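Welcome! Take a moment to look over the sequence and the fold, and then walk through the main features with this briefing.

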Amino acid sequence: MSVRVGAARVRALLLSLVTFFVVAGTATGCSGGDERPRVVVTTNILGDITREIVGDEADVSVLMKPNADPHSFGLSAVQAAELENADLVVYNGLGLEENVLRHVEAARASGVATFAAGEAADPLAFHTGEGGGPDDEAGEPDPHFWTDPDRVRKAAGLITDQVVEHVDGVNEKAVRDNAAHYDGQLADLTTWMEKSFATIPEGRRALVTNHHVFGYLADRFGFRVIGAVVPSGTTLASPSSSDLRSLTRAMEQAEVRTVFADSSQPTRLAEVLRQEMGGDVDVVPLYSESLTEKGEGADTYLRMMRANTSAMTEGLTRD
């Protein structure tokens, strides 16, 4: 009997040891040394673009949740640690991720490769429009380059080069094949947008938005920026009474009756402008700074741009 008990105890001890090493190996990510390379991306728009390029060659972690505001989202301690453990960090730059840039800088200081897509995409200066805007933004670079799909094509090509150079273990041919396929989709998007916007009469090609976010789109497709309800390139600003009066006058002079407001932000300020102009203003929601959850209409960059193009075309041609 004592022999059988001793054997049982030995078997139990061995089982415990096996369980310990399996759990420990899982917790530390050790699976025969096959730890996958990792790319960390700050915004969800750039995250979608990067995933299209990387495919299955590496893990892509996106810090900004769907429907979040890139100007105000922050990081947990775990997310901040992700940045410093990445093979490559892709971020927008130009001041967009206002609460995250210090963490990106810390990762760079620790030796992580970082790439600022906005800074590499031929940035434009803010265009505050006919309704005026804050003097402190005059001449400052506009971070919202993704509203021009041609600049996204350029950024995607540069992201591809960064992945190949800095992310060890990826198959370069697979990454470049993914990038070439996505480049074709972006080219098709530009062509489709051009055809859609061509249906808008010249006299109606004027934009008023919730804040200054569509300068690149206006420059690329021939729109005039009249102004913004929030006269700033960040959603963290707020308008004064004089700002609203200036914008109201500019809209009346241009005979503009449509305001485009970000779908992830309250449209209260646009509604205030509607009241200022006697109620005869349409407020049309757009996806301007964030992708949505899956199935909500703008869960990829391509779907976001097509949804916005359709909404803008309908809003500016409506009688």
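Here is a short tour of the sheet, its central strands and the helices beside it.

Keep in mind that this is a predicted model. At its heart for our purposes is an open sheet of four strands, arranged in the order β2-β1-β3-β4 with parallel pairing. Helix α2 lies across β1, β2 and β3, and α2 also packs with helix α6.

**The sheet as a whole**
- Strands of a sheet pair through backbone hydrogen bonds, and the pairing can be parallel or antiparallel.
- In this sheet the pairing is parallel, and the strand order reads β2-β1-β3-β4.
- The edge strands are β2 (59-62) and β4, each of which pairs on one side only.
- From one strand to the next, the twist averages 20°.

**Strand β3 and its neighbours**
- Is β3 buried or exposed on its two faces? Strand β3 covers residues 88-91, and both of its faces are covered.
- On one side L88 and V90 are buried, and on the other side V89 and Y91 are buried too.
- Strand β1 (residues 38-41) pairs with β3 in the parallel sense, over three bridges.
- Two residue pairs let you trace that pairing: V40 has V89 in β3 as its bridge partner, and V41 has V90 in β3.
- Strand β4 (residues 113-116) runs parallel to β3, and four bridges join the two.
- One pair to look for here is Y91 with its bridge partner A116 in β4.
- To get from β3 to β4, the chain passes through helix α4 (residues 101-109), and this β-α-β crossover is right-handed.

**Helix α2 and its partner α6**
- Helix α2 spans residues 44-54 and runs at about 175° to β2.
- How far apart are the axes of α2 and α6? The axes are 7 Å apart, and α2 packs with α6 (residues 172-197) at an angle of about 130°.
- That angle is why α2 counts as oblique to α6.
- From α2, the contact is made by D48, I49, E52, I53 and V54. From α6, V175, N178, A179, Y182 and Q185 take part.
- Sorted by character, the residues of this contact between α2 and α6 are six nonpolar, two polar and two charged.

Key
Residues are numbered from 1 along each chain as its sequence is written. This is a predicted model: local features need pLDDT of at least 70, side-chain atom pairs count only at pLDDT 80 or more; totals for chains, interfaces and linings use all residues. Side-chain values use heavy atoms; hydrogens and water are left out. Buried means under 20% relative accessible area, exposed over 50%, partly exposed in between (1.4 Å probe, protein chains only). Two strands pair if DSSP finds at least two bridges between them. A crossover is right-handed if, with the strands pointing away from the viewer, the path from the first strand over the helix to the second runs clockwise. Axes are lines fitted to C-alpha atoms, for helices over the stretch in contact, and angles run from 0 to 180 degrees between N-to-C directions. Contact means heavy atoms within 4.5 Å. Angles under 35 degrees count as roughly parallel, over 145 as roughly antiparallel, 65 to 115 as roughly perpendicular and the rest as oblique. Ala, Val, Leu, Ile, Met, Phe, Trp, Tyr, Cys and Pro count as nonpolar, Asp, Glu, Lys and Arg as charged, and the others, Gly among them, as polar.
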